[in-house]
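Thanks for coming. I will take a few minutes to walk through one model, going from strand pairing to the core and then to the charged pairs.

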Amino acid sequence: MGFGVFIHRTDSIYDDSPAEQYQFPSQYLGRVQACLSDWVIYYEPRKVAATRGYFAVAKVAQVISDPKTPGMYLALIEPGSYLDFVNAVPFNGPDGVIERGVLNEEGRISGRAQAAVRPVSAADFNRILSLGLAEDQPELPRSGEPIETLLPSGFSDRVQVPLMVEQERDRVMQLSSRIVRNRLFRRLVLQAYDKRCAITGLKLINGGGRAEVDAAHIRPVEANGPDILSNGIALSGTAHWMFDRGLIGLSDDLEILVSRHANDRNSIQGLINKTGRAIVPSGIVERPHPQFIHWHRENTFKH
């Protein structure tokens, strides 16, 4: 077992779905198998416009031959393990290359940096994870939500001293904590939506700096919905309640739908922002993904 880096492009020709599977050719089979039952970091190469750099972490559950494409393989991601970083981590930081393992003996970037799949040292993995999940100003919960902190000296924005592998793995284990993941997911979604409700368009902040909106999963965690930004949407308390109960939904082009079963459709229509469409981030990877919207429409929305 060992940590790894998987290169992923938004416009990839491969059949990738980062929260579910990663497709790769046979030349990388050994490297991917070395990551089996361990964690990998997704990286978007620098030549991609508006690259996210290192942008997520996930755990490899299984490696199989692709049943649909001869000669190709799939790394299947453990359900519920994928987590988007709250901070995009660039290839180069203030102190140089973040992933030190891509440097040769002369300190220059080697050909390893071009590999679509590559092993990464525990120190590099921890450094990237620390930057990606650093919370300099943690997002306040709405009200009465439990707060679980990461281990002391865990996710800091800099790693001054090399840490023992056992300590690093203890921190990684916390990525399985639902409390931790909910907090990170909330920060990620509210950051992308500028703390504004996608349905009402309202941005309400109380005197203590707490945002009124929730970070809602479009496909719920209980239904295997991943903690990926494209499965999230910022909703006010009332809109969240209606969304979870199927009184409102979204079309594939983000038109806000109101259920025929709602007992006060006119009042609900009055809450919807004037565009009649969900107000979402401009970036394609940040917007609700059609597959999650479709799932909600078919399984939750009351037609």
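Two strands are called paired here if DSSP finds at least two bridges between them. Keep in mind that this is a predicted model.

With that rule, start at strand 5, residues 72–77. Strand 2, residues 21–25, runs antiparallel to strand 5 and is joined to it by 5 bridges. In that pairing, P25 sits opposite M72. Strand 5 also pairs with strand 4, residues 54–65, again in the antiparallel sense and over 5 bridges. There, S65 faces Y73. Strands 4 and 5 make a hairpin, with 6 residues between them. In the turn, G71 has a positive phi of about 85°.

Now the whole protein. It has 7 helices and 13 strands. Of its 303 residues, 49% are buried. The accessible surface is about 15,100 Å², and carbon and sulfur atoms account for 51% of that. Among contacts with a separation of 6 or more, 67% are between residues 24 or more positions apart.

Next, the inside. In soluble globular proteins, nonpolar side chains tend to be buried together. In this model the largest nonpolar core holds 80 residues, and F6, Y42, F85, F125 and I199 have the most contacts inside it. Strand 4 gives this core its largest share, 7 residues. What does F85 touch, beyond residues up to four places away in sequence? The list is I41, Y54, F55, A56, V57, I128, L129, G132, L133 and L188.

A second inside position is I256, in strand 13, residues 256–258. Is I256 buried or exposed? Its relative accessibility is 8%, and buried means under 20%, so I256 counts as buried. Leaving aside neighbours within four places in sequence, its contacts include A198, I199, G249 and L250. A278 is also in contact with I256; the two are 22 residues apart in sequence, with C-alpha atoms 6.3 Å apart.

For contrast, take K47, in the loop between strand 3 and strand 4. K47 has 68% relative accessibility, and exposed means over 50%, so K47 counts as exposed. Its C-alpha is 9.8 Å from that of R9, and the two residues are 38 apart along the chain.

Last, charges. Side chains of opposite charge can pair when their charged atoms come close. The search of the whole structure finds 9 salt bridges. One of them joins D15 to K68, with the closest N and O atoms 3.7 Å apart. This pair links distant parts of the chain, 53 residues apart: D15 is in the loop between strands 1 and 2, and K68 is in the loop between strands 4 and 5. D15 is partly exposed at 35%, and K68 is exposed at 66%.

R52 and E44 form another salt bridge, with the closest N and O atoms 3.4 Å apart. E44 is buried, with a relative accessible area of 2%.

Where do D124 and R127 lie? Both are in helix 2, residues 122–132, and they are 3 residues apart, about one turn of the helix. Their salt bridge has its closest N and O atoms 2.5 Å apart. D124 counts as buried at 3%, and R127 counts as buried at 15%. Elsewhere, salt bridges that share partners join R178, R181 and D227 into one network.

That is the tour; I will take questions.

Definitions and conventions. Residues are numbered from 1 along each chain as its sequence is written. This is a predicted model: local features need pLDDT of at least 70, side-chain atom pairs count only at pLDDT 80 or more; totals for chains, interfaces and linings use all residues. Side-chain values use heavy atoms; hydrogens and water are left out. Helices (H or I, at least four residues) and strands (E, at least two) are DSSP runs, numbered from the N terminus. Buried means under 20% relative accessible area, exposed over 50%, partly exposed in between (1.4 Å probe, protein chains only). Contact means heavy atoms within 4.5 Å. Accessible areas come from the Shrake-Rupley method with a 1.4 Å probe; for residues, only the protein chains shown count as cover. A nonpolar core is a set of buried Ala, Val, Leu, Ile, Met, Phe, Trp, Tyr and Cys residues joined through side-chain atoms within 4.5 Å. A salt bridge is a side-chain nitrogen of Lys or Arg within 4 Å of a carboxyl oxygen of Asp or Glu.
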